[in-house]
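Got your viewer open and a selection box ready? Here is a walk through one model, stop by stop.

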Amino acid sequence: MLKLAPVSPAPFELRRKTGELAEGAARLAQDLEAAPVAKVLADANRTASRRGSTAAFGQMKPQPADWFTFEDSDDDTRDWYPQGLTCSSDAGSGPDAFIASWYWKPELATEERGIRLTFLDPHKGRYRHVLAVTARPDGGYSAIDLHAGGIAWYRHHLYVADTARGLRVFDLRKILDLRSAQDDTGDRNRIGRKGGKFHAYGYRYVLPQCDAWRLVTLGARFSFASVDRSADPDLLVCGEYVDGAGERGRLARWRLAADGTLRHRDGLAAAHDAYRAPAGKIQGAVSHKDTWYLSQAGTGAVRGNLLVGSADEEPETRAYPFGPEDLTVWRDKKQIWSITEYPRRRALFAVPL
């Protein structure tokens with residue numbers, strides 16, 4: 001196993017590209033009431049099982065310190081695949097909650113339904129899906145065709161990895177309730193304003209994109225995201241998944257401002273630092289108190305690994321479940337959490353830092 005190797009952060013420079021996104025989100029909010037995260041959690045309509053039965057861990061030893069499993073319809077579905085994970089400990093305030101991203105990947109060809117975000121209350125074991133959308137200044141909105149491989153919640157911002165382009169940004173104060181404008185949640189097979197009603201494939205809540213950060217020079221990839229709150233200032237962490245023989249992706253970090261945005265000058269945000277990962281197939285990464293934690297994919301038949309170590313040492317390899325994805329830190333509990341993606345092996349789980 002190799003060590004993390006410093007590389008130039010220049011390829012990860014980002015430019016702010018708000019365009020009409022903020023205007024579109026504001027226009028949609030004129031007709032739909034905003035719901036805070038606490039209300040979405042209170043309206044949760046699905047049940048997560050604490051330490052529920054799952055095949056995600058196989059013969060992993062030791063077993064995770066804690067975990068949740070989803071309802072059968074979410075555990076079994078081959079239309080949606082979980083990818084990103086973040087929690088309120090990343091945000092620094094608000095009710096205890098996890099947010100997971102899922103991307104639409106149906107077995108049968110059909111229209112794009114984009115990405116959904118799962119808001120889970122770890123105390124009540126209840127959760128609800130919210131549909132992410134792009135809104136237009138004319139009041140229309142549509143689904144977002146995106147892998148959403150990683151997400152990071154900081155202040156009121158939700159950063160979503162946009163693989164080849166950079167980052168998409170959502171304002172968690174602007175989750176919009178379709179029921180505030182009508183008696184139901186609309187047609188399960190439609191999206192947008194149609195027939196005098198709002199539709200979002202049956203989802204009650206939508207979250208419009210409000211901002212974006214685009215790569216100045218194409219070439220870097222954004223496959224996962226996390227927040228390092230042990231640094232000064234806090235850092236946003238992103239990195240690349242690569243799976244070619246002998247290939248190793250890169251990791252990059254950006255300084256975060258007090259208002260939750262990337263620190264920038266005239267709309268340009270330079271990466272603070274960057275590293276070459278010690279191995280390939282990295283699905284998630286977080287830095288915490290000078291230690292790096294990297295989730296590494298296995299296969300459908302082979303469990304993944306958690307690679308742990310400082311930047312100047314060869315990482316330790318720890319047992320991990322099948323299909324591990326993005327990482328987040330619940331600091332009060334001194335735990336690192338992840339989510340697994342394979343159907344019938346889906347769990348949101350924790351191991352000690």
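What follows is a tour of a predicted model, with something to select at each stop.

**Stop 1: strand 10 and its partners**

Start by selecting residues 126-135, which make up strand 10. Color by accessibility and you'll see that eight of its 10 residues are buried.

Now bring up the neighbors one at a time. Add residues 115-121, strand 9, which pairs with strand 10 in the antiparallel sense over six bridges. Show D121 and R126 as sticks, since they are bridge partners across this pair. Four residues sit between the two strands of this hairpin, and G125 takes a positive phi near 65°.

Next, go to the other hairpin, the one strand 10 makes with strand 11. Strand 11 covers residues 141-143 and is antiparallel to strand 10, with three bridges between them. Pick T134 and you'll find its bridge partner, S142, in strand 11. Five residues separate the strands here, and G139 in the turn has a positive phi of about 100°.

Two further partners are worth a click. Strand 4, residues 46-47, runs antiparallel to strand 10 and is joined to it by two bridges; look for R46 with Y127 as its bridge partner. Which way does strand 18 run relative to strand 10, parallel or antiparallel? Select residues 205-215 and check the direction: strand 18 is parallel to strand 10, with three bridges joining the two. A132 stands opposite L207 in strand 18.

**Stop 2: a five-strand open sheet**

Hide that and show strands 1, 23, 21, 20 and 19, which lie in that order in an open sheet with antiparallel pairing. The edges are strand 1 (5-6) and strand 19 (224-228), each pairing on one side only.

Zoom in on strands 21 and 23, an antiparallel pair joined by four bridges. L251 has Y275 in strand 23 as its bridge partner. Then turn on the side chains of D273 and R253: they form a salt bridge, with the closest N and O atoms 2.7 Å apart. D273 belongs to strand 23 (residues 273-276) and R253 to strand 21 (residues 250-255), so to speak a link between distant parts of the chain, 20 residues apart. Are these two buried or exposed? Both D273 and R253 are buried.

**Stop 3: more salt bridges**

The count for the structure comes to 23 salt bridges. Select R51 and D66 for one of them, at 3.9 Å from N to O. R51 is in the loop between strand 5 (49-50) and strand 6 (66-69), while D66 is in strand 6, 15 residues apart. The ends of this pair sit in unlike surroundings: R51 is partly exposed at 46% relative accessible area, whereas D66 is buried at 8%.

Now try R344 and D76, whose side chains meet in a salt bridge at 3.7 Å, N to O. R344 lies in the loop between strand 29 (335-340) and strand 30 (347-352) and D76 in helix 3 (residues 72-76), so this pair ties together parts that are 268 residues apart in sequence. R344 is exposed, with 59% relative accessible area, and D76 is partly exposed, with 33%.

To see a network of salt bridges, select K39, D43, D177 and R204 together.

**Stop 4: the cavities**

Switch on a cavity display. How many cavities of 30 Å³ or more does a search of the whole structure find? There are two.

The largest has a volume of about 60 Å³. Its lining includes L2, K3, L4, P278, W292 and E313. Strand 26 (305-309) and strand 25 (291-296) each supply at least two lining residues, and strand 26 gives the most, with three. By class, the lining has eight nonpolar, two polar and two charged residues.

The second largest cavity, at about 40 Å³, is lined by C87, S88, S89, D96, A97, F98, P122 and W330. That divides into five nonpolar, two polar and one charged.

**Stop 5: the cysteines**

Stay on C87 from that last lining. Why does C87 form no disulfide? Its closest cysteine sulfur, in C238, is 16 Å away, and that is too far for a bond, given a cut-off of 2.5 Å. The search of the whole structure finds zero disulfides. Finish by coloring both residues by accessibility: C87 counts as buried at 2%, and C238 counts as buried at 1%.

Terms used:
Residues are numbered from 1 along each chain as its sequence is written. This is a predicted model: local features need pLDDT of at least 70, side-chain atom pairs count only at pLDDT 80 or more; totals for chains, interfaces and linings use all residues. Side-chain values use heavy atoms; hydrogens and water are left out. On a 1 Å grid over the protein atoms alone, a cavity is a set of points where a 1.4 Å probe fits but cannot get out, and a pocket is an open set with protein on both sides within 12 Å along at least five of seven lines; lining residues have an atom within 4 Å of a point. Grid points are joined across faces, edges and corners, and a volume is the space filled by probe spheres set on the points. Ala, Val, Leu, Ile, Met, Phe, Trp, Tyr, Cys and Pro count as nonpolar, Asp, Glu, Lys and Arg as charged, and the others, Gly among them, as polar. Buried means under 20% relative accessible area, exposed over 50%, partly exposed in between (1.4 Å probe, protein chains only). A salt bridge is a side-chain nitrogen of Lys or Arg within 4 Å of a carboxyl oxygen of Asp or Glu. Two strands pair if DSSP finds at least two bridges between them.
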